[in-house]
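Subject: Structure for you to look at

Dear colleague,

I am handing over the structure we spoke about, together with some notes on what was found in it. Please have the model open while you read, since the notes follow individual elements and residues.

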Amino acid sequence: MDRYYRKKFLPLALPALILFFLVIIIPFVVGVIYSFTGWRGTYFAGGEHFWEAFVGFDNYIKAFKSKKFIDAFIYTLKFTLVAVIVINIVSLGMSLIATKLRHAASIYRTIYFLPNLLGGLALGYIWQFVYEIIFSKILFAKDGLISIPALVNMTQDNTKALFALVILFTWQMAGYMMIIYTTGLNNIPKDLPEAASIDGANAWQEFRHITVPMLMPSFTIVFFLTLSKCFMLLDQNVALTDGNFGTRMLAMQILRTTRDGSPPDYGLAQAQAVIFFVLIAVVSLIQVSITSKQEVEM
Amino acid sequence: MKKTKRILSLLLVAVMVFALASCGSKGSDNSKTSSTGSEASGAAEKPTATGDYDLYIFNTKGENADAMEAAGKAFGEEKGVTVKVFSLGSGTNSDDTLRTEMNSKNKPAIFSTMNSQALVEWVEGGFAMDHAKATNEEFKKLVSEIPEGFNLTDGTANYGVPYNVEGYGYIADTQMLSDLFGADKLDSFLAAFKTATYEEFEAMVHTLEAYIKEGTAGTVTLSGTDFATAAEKTGKATSLEGVFSVAGSEKWTYGDHFVNIAVDAVFANSKAASQATLADLEAGKGAFKAYAKALDLKTANATTERGPELINATTNGYDPSVANFANSKAIFLKQGNWAYENIKKANAEIADNLTFLPVKMPFTQDDIKVEGLTVDHMLESIPVFVPNYYVINDKVSDEEKELAQEFLVWLNTSEAGQKFVVEDMAFIPYNADPATTSAGYSLGDSIISYIADGKTLTNAYAGAPAGWSTDTFGQYMMENYVNKTEWTDADYDTIADYIISSWAEMANLS
């Protein structure tokens with residue numbers, strides 16, 4: 001089988017490569033070119049063709065000078081930091097439970113995976129209802145079940161909304177990450193923890209010195225997925241807060257740039273998208289190279 | 001092995017980032033087929049050659065998709081040409097779709113734009129055809145007869161033919177007013193309301209609020225005439241929860257049409273507003289403060305108490321506000337005639353009893369900076385404006401441009417065309433004679449009566465910087481004031497100052 005794949009590598013990979021080239025590479029290159037021009041969506045400001053409308057790094061300078069872009073950038077960083085930590089703790093915890101279960105483990109896994117199947121917009125609106133009605137009126141209001149002011153009107157405050165988004169996104173992503181961790185945990189040979197316990201290691205030592213190093217490949221992929229997905233959060237942001245109370249994140253900022261002025265500044269939006277790409281690429285590559293160095297080869 | 005694996009994983013990561021990030025920037029990479037739109041090649045690939053259509057109309061109003069389709073077909077049969085009509089679903093933002101169409105080889109010959117701010121893009125890109133370049137004599141006559149305030153202009157040339165006119169104000173259910181003040185008083189109440197001063201209006205709101213909340217009967221004085229509320233709540237008045245139904249979570253509730261009343265006091269029309277100087281804006285401070293006071297009154301007497309609850313999107317969005325009004329929980333709803341179908345859907349019974357009343361703000365003659373405009377006129381009038389314009393695309397073939405002109409003439413002057421406009425699209429034509437036109441529904445007829453009386457205002461806020469009214473000012477009001485129960489006099493000042501500073505900043509004035 002291995003030889004078959006090696007021999008037929010090109011014909012097998014070609015369809016995917018062509019598609020990737022057509023729908024990703026070409027638009028990407030065109031997009032990068034447009035980010036240096038006065039592209040307005042249907043025409044170039046300053047000329048018939050793009051080479052007549054070059055504005056140099058103007059769009060990039062404008063992006064970094066824009067308060068909206070900087071605010072969105074900082075908010076995205078804050079969100080990503082909190083969300084990556086929370087999602088990883090929750091999903092790892094869930095997978096540790098899942099692997100310890102003797103009965104109905106697959107049902108448990110399925111249930112926690114389900115939220116991941118819902119679309120981001122639908123989720124955003126569902127959670128808007130949860131925050132605005134169930135949290136704010138039924139559960140945590142002054143005359144509700146228990147009064148917790150921090151959980152009331154979570155979408156109407158910059159900081160509270162950050163945690164509202166984190167809760168939503170954890171709910172959505174943790175199940176998926178749990179599956180990856182569960183697979184990683186199941187791949188740890190049973191004799192390792194057995195040997196450790198014979199040597200007298202306690203549960204924490206076993207987790208710290210056996211589970212964590214053996215789980216490193218899973219950490220790499222989970223960190224990568226959560227990190228990049230948090231950075232690129234869009235649908236949930238639009239549906240839940242619509243950027244009100246300073247909750248506009250980077251992806252939404254790019255999307256809305258063309259609506260912030262007239263004529264629509266697609267060149268500026270594209271420059272922001274390129275910055276966005278570089279940012280995610282750099283952060284992800286650093287993260288992957290760090291975590292993969294920690295991986296233990298068997 | 002270890003090394004190859006690591007390289008492979010890094011490569012995989014790079015590919016994934018690439019894929020994900022590229023998806024994030026979709027819509028920004030429209031293909032470049034558009035640059036072939038020069039005169040010569042445009043004529044060479046004129047649509048008739050493809051056999052698809054002779055005239056392509058891009059219709060942005062989803063509500064009249066069927067009527068437009070039928071009108072296009074009727075025109076096509078009359079002229080022996082094929083007309084292609086494209087409509088989006090109602091409520092869909094058409095900008096991106098229109099831009100995509102403009103980038104394609106088959107550009108629409110007639111497209112739409114909302115106001116002079118949105119027009120900039122199409123003038124700059126060379127898409128909008130200057131009416132001075134018109135070739136059809138009848139079309140020249142048609143556009144020369146468009147009333148001054150209804151023109152779509154960039155300051156130097158005219159580009160648009162109005163779809164129709166619309167209007168807005170406080171929508172009231174006459175049955176509700178009859179239940180409150182007695183059916184025999186209805187007509188005199190409506191007449192007195194229109195001419196009442198802001199102080200009388202304010203006192204009326206407080207009296208009604210007390211009547212609704214505490215059941216204390218009272219007397220309201222409008223234009224000097226007393227109207228006593230029924231001693232006991234009867235009929236529809238029993239279900240009242242507040243004086244106003246407010247769509248609190250919608251940013252346009254505070255920006256757009258409500259602030260427009262104050263902008264109207266400062267600028268004669270949207271063209272004047274688009275040419276505003278910092279001094280003009282600062283001179284408008286009195287009017288902007290009047291706006292803040294009127295908004296205070298409105299939001300403090302809504303069906304929902306002002307505060308975080310009022311900006312809750314689930315309970316105080318657009319739909320709930322319409323439903324509250326339609327189900328007689330509030331007396332007034334600030335909306336336009338476009339809300340008619342939604343009100344009717346929520347409660348068909350009241351649809352025939354609806355009428356517009358003017359939105360009042362406490363202006364003094366000093367606040368009004370528009371020459372010839374009086375406080376009385378502002379109190380009695382509702383804004384009547386053109387929500388959308390047909391624009392002819394300069395980048396299509398001359399034949400198609402000619403056909404586009406013929407179509408617009410046919411639609412706006414011929415009997416068959418007007419039938420589609422008035423009956424099927426339920427539009428009030430911009431060139432309607434108020435004496436002979438009937439909109440065929442309560443709110444439309446109410447607008448016509450204001451036009452007949454000459455009691456109309458303009459839509460000056462459309463000349464504010466793009467994105468100012470809703471996304472900047474409306475958002476500011478929602479995040480800083482509407483979520484607070486108490487407003488102080490100092491707040492009125494701050495709000496007025498913010499209107500001036502944010503507008504000036506976005507318009508690059510100093």
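Please bear in mind throughout that this is a predicted model. I begin with a pair of helices in chain A, where helix α7 (residues 158-186) packs against helix α10 (residues 216-231) at an angle of about 160°, the two axes lying 9 Å apart. Because angles over 145 degrees count as roughly antiparallel, α7(A) and α10(A) are described as roughly antiparallel to each other, and their crossing is right-handed. On the side of α7(A), the contact is formed by Phe169(A), Met173(A), Met177(A), Ile180(A), Tyr181(A) and Gly184(A), while α10(A) contributes Pro217(A), Ser218(A), Ile221(A), Val222(A), Thr226(A), Lys229(A) and Cys230(A). Sorted by character, the residues of this contact comprise 9 nonpolar, 3 polar and 1 charged.

As for chain A as a whole, it contains 13 helices and 0 strands, and its C-alpha atoms fill a box of roughly 75 × 70 × 30 Å when taken along the principal axes. Of the 298 residues in chain A, 38% are buried. Among the contacts in chain A with a separation of 6 or more, 69% are between residues 24 or more positions apart.

Turning to chain B, I would point you to strand β9 (330-336), in which 7 of the 7 residues are buried, so that β9(B) is largely enclosed by the rest of the structure. Strand β5 (residues 166-173) of chain B pairs with β9(B) in the antiparallel sense over 5 bridges, and there Gly169(B) stands opposite Gln335(B). The pairing of β8(B) with β9(B), by contrast, is in the parallel sense and runs over 3 bridges, with Ser245(B) having Leu333(B) of β9(B) as its bridge partner.

These strands also bear on helix α15 (residues 318-326) of chain B, whose buried residues are Pro320(B), Ser321(B), Val322(B), Asn324(B), Phe325(B) and Ala326(B). Which elements cover them? The cover of the buried residues of α15(B) includes β8 (242-245), β9 (330-336) and α16 (340-346), which belong to chain B. After α15(B) comes Ser328(B), whose phi is positive, near 60°, and you may wish to look at that residue in the model.

With kind regards

Technical notes. Residues are numbered from 1 along each chain as its sequence is written. Chains are lettered from A and ligands numbered from 1 in the order in which they are written. This is a predicted model: local features need pLDDT of at least 70, side-chain atom pairs count only at pLDDT 80 or more; totals for chains, interfaces and linings use all residues. Axes are lines fitted to C-alpha atoms, for helices over the stretch in contact, and angles run from 0 to 180 degrees between N-to-C directions. Helices (H or I, at least four residues) and strands (E, at least two) are DSSP runs, numbered from the N terminus. Angles under 35 degrees count as roughly parallel, over 145 as roughly antiparallel, 65 to 115 as roughly perpendicular and the rest as oblique. A crossing is left-handed if the near helix is turned anticlockwise from the far one by less than a right angle, and right-handed if clockwise. Two residues are in contact if their C-beta atoms, placed from the backbone, lie within 7 Å. Ala, Val, Leu, Ile, Met, Phe, Trp, Tyr, Cys and Pro count as nonpolar, Asp, Glu, Lys and Arg as charged, and the others, Gly among them, as polar. A residue is buried if 20 or more other C-beta atoms lie within 10 Å of its own, exposed if 12 or fewer, and partly exposed in between; C-beta atoms are placed from the backbone. Two strands pair if DSSP finds at least two bridges between them.
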